[in-house]
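Subject: Structure handover, with notes on ligand sites and pockets

Hello,

Here is the structure for your files. My notes follow below it.

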Amino acid sequence: TPPFPRYTRAEVAQHRTPADRVWVTYGTDVFDVTEFVELHPGGPDKILLAAGGALEPFWALYAVHSEPHVLELLREYKVGELSPEEAAPPPGDSADPFAGDPPRHPALRVNSAKPFNAEPPPELLTQSFLTPNELFFTRNHLPVPAVDAASYRLRVEGPGGRALSLSLAELRRRFPKHEVTATLQCAGNRRSEMSRVRPVKGLAWDIGAISTARWGGARLRDVLLAAGVRDSTENGEWHVCFEGLDADASGTPYGASIPLKRALSADAEVLLAYEMNGRELPRDHGFPVRVVVPGVVGARSVKWLRSVAVSPEESPSHWQQNDYKGFCPSVDWDSVDFGAAPAIQELPVQSAITEPRPGAAVPAGELTVKGYAWSGGGREVVRV
Ligand code: HEM
Ligand code: MTE
Ligand code: MO
């Protein structure tokens with residue numbers, strides 16, 4: 001057989017639609033799968049998510065492809081090979097505070113690259129009940145901190161100056177592991193639709209700033225009791241303040257708080273999580289330890305957790321005091337008084353259709369509609 005033509009990744013990336021032909025790579029081989037798109041058992045929309053790029057990150061998530069017959073089928077569509085010089089990644093910029101951010105899955109829809117904010121495509125969000133870690137929406141306000149798990153310490157400040165300093169091994173060993181299936185949602189989910197009614201400031205999230213995982217970790221309740229916090233009504237109005245290891249140029253960390261009552265409630269199942277879907281937390285989702293507050297706005301589930309402190313006041317953080325608050329429609333940016341509104345905790349009912357997408361052409365006749373529904377507040381779905 002004659003040698004195959006050589007292509008660069010940039011050339012492959014020009015073939016992303018049936019009109020431009022649909023090319024993908026696997027290893028160093030290039031394939032034109034245009035004729036297979038409509039035949040794909042997983043549907044044409046899903047195969048097109050990989051158009052113009054590598055198949056590996058997608059096939060790693062959907063194990064149906066790790067069968068010899070799938071590779072055999074692909075071989076029929078080979079049209080070329082990648083140029084040998086394509087292997088080297090582009091050099092990083094060391095002056096860029098985001099240069100140390102982790103690699104991300106190519107399917108994520110990026111709303112902001114630095115800091116990284118991205119959501120899964122709708123049709124992958126409802127492909128599985130638990131969102132794969134690689135596709136879980138990401139909401140970062142700052143660069144991702146590089147944390148050394150071996151020297152990591154979590155500081156827990158109880159009342160009366162008592163404090164604990166816990167290594168990752170101590171957090172795992174001293175407290176029973178508790179698992180919770182919980183959905184996180186950013187307050188900005190579906191903001192792009194809201195902006196069609198009336199423009200609002202903030203990232204233009206579509207319907208994917210929401211994802212579900214099985215979280216594993218220590219109960220915050222158990223850790224607070226070990227730090228000397230008493231489960232009584234006398235501190236009923238107190239708060240638990242969290243700080244992250246991510247900080248802005250002035251050294252100010254991300255922070256947020258929840259009511260102490262929720263933190264101590266066994267039913268609320270607030271976790272200091274070190275596992276996500278059975279694996280250690282990915283860097284984007286708070287490695288090595290994050291808070292998970294089921295039913296509450298994502299902003300309170302502080303990632304890269306540095307400290308936990310019990311306090312009569314809410315967190316003084318910008319994100320607790322001057323962001324993540326709700327106002328009535330007559331308030332605008334000239335009249336807003338952040339001090340006048342409570343910080344968002346529980347979020348209300350949410351639901352959205354993931355398939356078909358708005359404006360999609362669909363065949364006449366019966367149609368399968370997919371979507372998600374979520375009750376908020378840690379409550380179960382009653383009806384959809
Ligand atoms: C199923 C081939 C790309 C998602 C399948 C199956 C084949 C196949 C043969 C059926 C497997 C079986 O049941 O034995 C291919 C080829 C691709 C490709 C040749 C690229 C050229 C993708 C991509 C995605 C994807 C990029 C995800 C974004 C799926 C899913 C199923 C599936 C979710 C399972 C469908 C179901 O049972 O619900 N694919 N695939 N595939 N594929 Fe792909
Ligand atoms: N924690 C830290 N330390 N820094 C952050 O920027 N973002 C918050 C929260 N915890 C954030 C954080 C917001 S607004 C949301 S919606 C969730 O993390 C998103 O969690 P995820 O990126 O794992 O989906
Ligand atoms: Mo958020």
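Start with ligand 2. Of the 19 residues around ligand 2, those that come nearest are Phe137, Asp246, His285, Arg290 and Lys303. (A residue is near a molecule if one of its heavy atoms lies within 4 Å of it.)

Two sentences on the ground rules. This is a predicted model, in which local features need pLDDT of at least 70, side-chain atom pairs count only at pLDDT 80 or more, and totals for chains, interfaces and linings use all residues. Residues are numbered from 1 along each chain as its sequence is written, chains are lettered from A and ligands numbered from 1 in the order in which they are written, and side-chain values use heavy atoms, with hydrogens and water left out.

**Ligand 2**

Polar contacts come next (pairs of N or O atoms within 3.5 Å; within protein, one must be able to donate a hydrogen and the other to accept it, and residues adjacent in sequence count only if both atoms are side-chain atoms). The side chain of His285 places an N or O atom 2.6 Å from an oxygen atom of ligand 2. His141 does likewise with a side-chain N or O atom, at 2.7 Å from an oxygen atom of the ligand. For Asp246, the partner is a nitrogen atom of ligand 2, at 2.7 Å. The protein covers 100% of the 530 Å² of accessible area that ligand 2 has on its own. (Accessible areas come from the Shrake-Rupley method with a 1.4 Å probe; for residues, only the protein chains shown count as cover.)

Two strands each supply at least two residues of the shell: S8 (138–139) and S13 (239–247). (Strands are DSSP runs of E, at least two residues; helices are runs of H or I, at least four; both are numbered from the N terminus.) By class, the shell holds 8 nonpolar, 7 polar and 4 charged residues. (Ala, Val, Leu, Ile, Met, Phe, Trp, Tyr, Cys and Pro count as nonpolar, Asp, Glu, Lys and Arg as charged, and the others, Gly among them, as polar.)

Where does ligand 2 sit? In the largest cavity. (A molecule sits in a cavity or pocket if more than half of its atoms lie within 2 Å of its grid points. On a 1 Å grid over the protein atoms alone, a cavity is a set of points where a 1.4 Å probe fits but cannot get out; a pocket is an open set with protein on both sides within 12 Å along at least five of seven lines; lining residues have an atom within 4 Å of a point.) The volume of this cavity is about 240 Å³. (Grid points are joined across faces, edges and corners, and a volume is the space filled by probe spheres set on the points.) The count is 1 cavity of 30 Å³ or more. Its lining has 19 residues, with Arg139, Arg290, Gly298, Ser301 and Lys303 nearest the centre.

**Ligand 1 and the second largest pocket**

Ligand 1 takes up the second largest pocket. H2, H3 and H4 each give two or more residues to the shell around ligand 1. H4 has the largest share, 4 residues. The shell has 20 residues, and His40, Lys46, Trp59, His65 and Gln127 are the closest. Nitrogen atoms of ligand 1 lie 2.8 Å from a polar side-chain atom of His40 and 2.9 Å from one of His65. His69 has a side-chain N or O atom 3.4 Å from an oxygen atom of the ligand. The shell splits into 14 nonpolar, 5 polar and 1 charged.

The pocket's volume is about 740 Å³. Its lining counts 32 residues; His40, Pro41, Gly42, Gly43 and His65 lie nearest the centre. H2 supplies the largest share of that lining, 5 residues.

**The largest pocket**

This one encloses about 1,200 Å³. Its lining runs to 37 residues, and Arg191, Met194, Val200, Lys201 and Lys325 are closest to its centre. Helix H7 (residues 191–197) gives the most, with 4 residues. The lining divides into 20 nonpolar, 8 polar and 9 charged.

**Backbone points**

Most residues other than glycine have a negative phi, and most peptide bonds are trans. Phe287 and Pro288 are joined by a cis peptide bond, with omega about 5 degrees. Pro288 is in the loop between S16 (279–280) and S17 (290–292). Another cis bond joins Glu355 and Pro356, with omega about -5 degrees. Glu269 has a positive phi, near 55 degrees, and lies in the loop between H9 (260–264) and S15 (271–276).

Best wishes
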